[in-house]
Amino acid sequence: AELDAAFARISTPMQALGRLKASEHIVACVDDFPVDDQAGYAVVLEDVRADALRVRFTDQSSPLGADARRRVMSGVLAGLAHAHAKGVLHCDLKPANILLDQDHKPRLADFGQSRLSTEQTPALGTLFYMAPEQADLEAIPDARWDVYALGSLLYCMITGAPPHRTDEASQAIDNSVNLTQRLSRYRQLIQQSPPPTGHRRVRGVDTDLAAIIDRCL
């Protein structure tokens, strides 16, 4: 019974990865098995041997230029479109979950928070990449969560940080007494703040690209 309960907790990610094996833009699951007496369960992922996108933000020896950003976003979009076509929502897009090989070819990774499009179970993403309506323990999964996160990801690739994240905002959220209050403060911050404009102040970002980011957010 304990093993069944443990498998139920990860059944969605396993089902999701099983549906996505055919994409070159997604890290594949190659095996899964129970691992200990505490009803633990493990998955074996494809060995990609790549840096997370977030590493490239801090690695001054190999910064992402405009051409590299276009290649990365093209691959991310292809992977996400494949996932959505298979009925899988990622629910936690962020730089740490995008792996880049030496040619900057991206692979979507970490489907631990993923949900099937038919599910009713909420899934929490990462602050400042997570859509405000996702930050609710009763939220029903929605493909638009990934659209918002995509906008946050692209915004971060251009400006170096996700929208709305400031030291003051982070501190206010971190001072919450529990998860419910933490999520509520995050929702209020995103919904009550003016639209982010940092991407429009970066040289070389054209109006069409800025409009796409605005629409995603």
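**Notebook: loops, pocket and cysteines**

I began with F128, which I found in the loop between β7 (115–116) and α4. I am working from a predicted model, and I keep that in mind for each entry below.

I looked up the backbone of F128 next, and its phi is near 75°, a positive value in a residue that is not glycine. I noted beside this that most residues other than glycine have a negative phi. I then asked whether F128 is buried or exposed. At 5% relative accessibility F128 counts as buried, because the cut-off for that class is under 20%.

I turned to H164, which sits in the loop between α4 and α5 (167–174). H164 is not a glycine either, and yet its phi is positive, at about 75°. I checked the accessibility of H164 too, and with a value of 18% it counts as buried, since the class takes in residues under 20%.

For the fold I counted elements, and the chain has seven helices and seven strands. Read from the N terminus on, I get the order α-β-β-β-α-α-β-β-β-β-α-α-α-α. I also looked at how the chain meets itself: among contacts with a separation of 6 or more, 63% join residues 24 or more positions apart.

I recorded the burial and surface of the whole chain in one entry. Of the 217 residues in the chain, 43% are buried. The accessible surface comes to about 11700 Å², and carbon and sulfur atoms hold 48% of that area.

I then searched for empty space, and the largest pocket holds about 350 Å³. Which elements give two or more residues to the lining of this pocket? I found α3 (66–85), α4 (143–159) and α7 (207–216), and of the elements α3 gives the most, with five residues. The lining has 17 residues in total, and those that lie nearest the centre of the pocket are R69, R70, M73, L154 and L209. I sorted the lining by residue class and obtained 11 nonpolar, two polar and four charged residues.

My last entry concerns cysteines, for which I searched the whole structure and found zero disulfides. I looked up C91, and it is buried, with a relative accessible area of 4%. C156 is likewise buried, and its relative accessible area is 2%. I put both cysteines in the buried class because their values, 4% for C91 and 2% for C156, fall under the 20% cut-off.

Notes:
Residues numbered from 1 in each chain as written. Predicted model: local features only at pLDDT ≥ 70, side-chain atom pairs only at ≥ 80, totals over all residues. Heavy atoms only, no water. 1 Å grid on protein atoms, 1.4 Å probe; cavity = no way out; pocket = protein on both sides within 12 Å on 5 of 7 lines; lining within 4 Å. Points joined across faces, edges and corners; volume = space filled by probe spheres on them. Helix = DSSP H or I, 4+ residues; strand = E, 2+ residues; numbered from the N terminus. Nonpolar A, V, L, I, M, F, W, Y, C, P; charged D, E, K, R; others polar. Disulfide = S-S within 2.5 Å. Buried < 20%, exposed > 50% of the residue type's maximum accessible area, 1.4 Å probe, protein only. Contact = heavy atoms within 4.5 Å. Areas by Shrake-Rupley, 256 points an atom, 1.4 Å probe, with all protein chains shown as cover.
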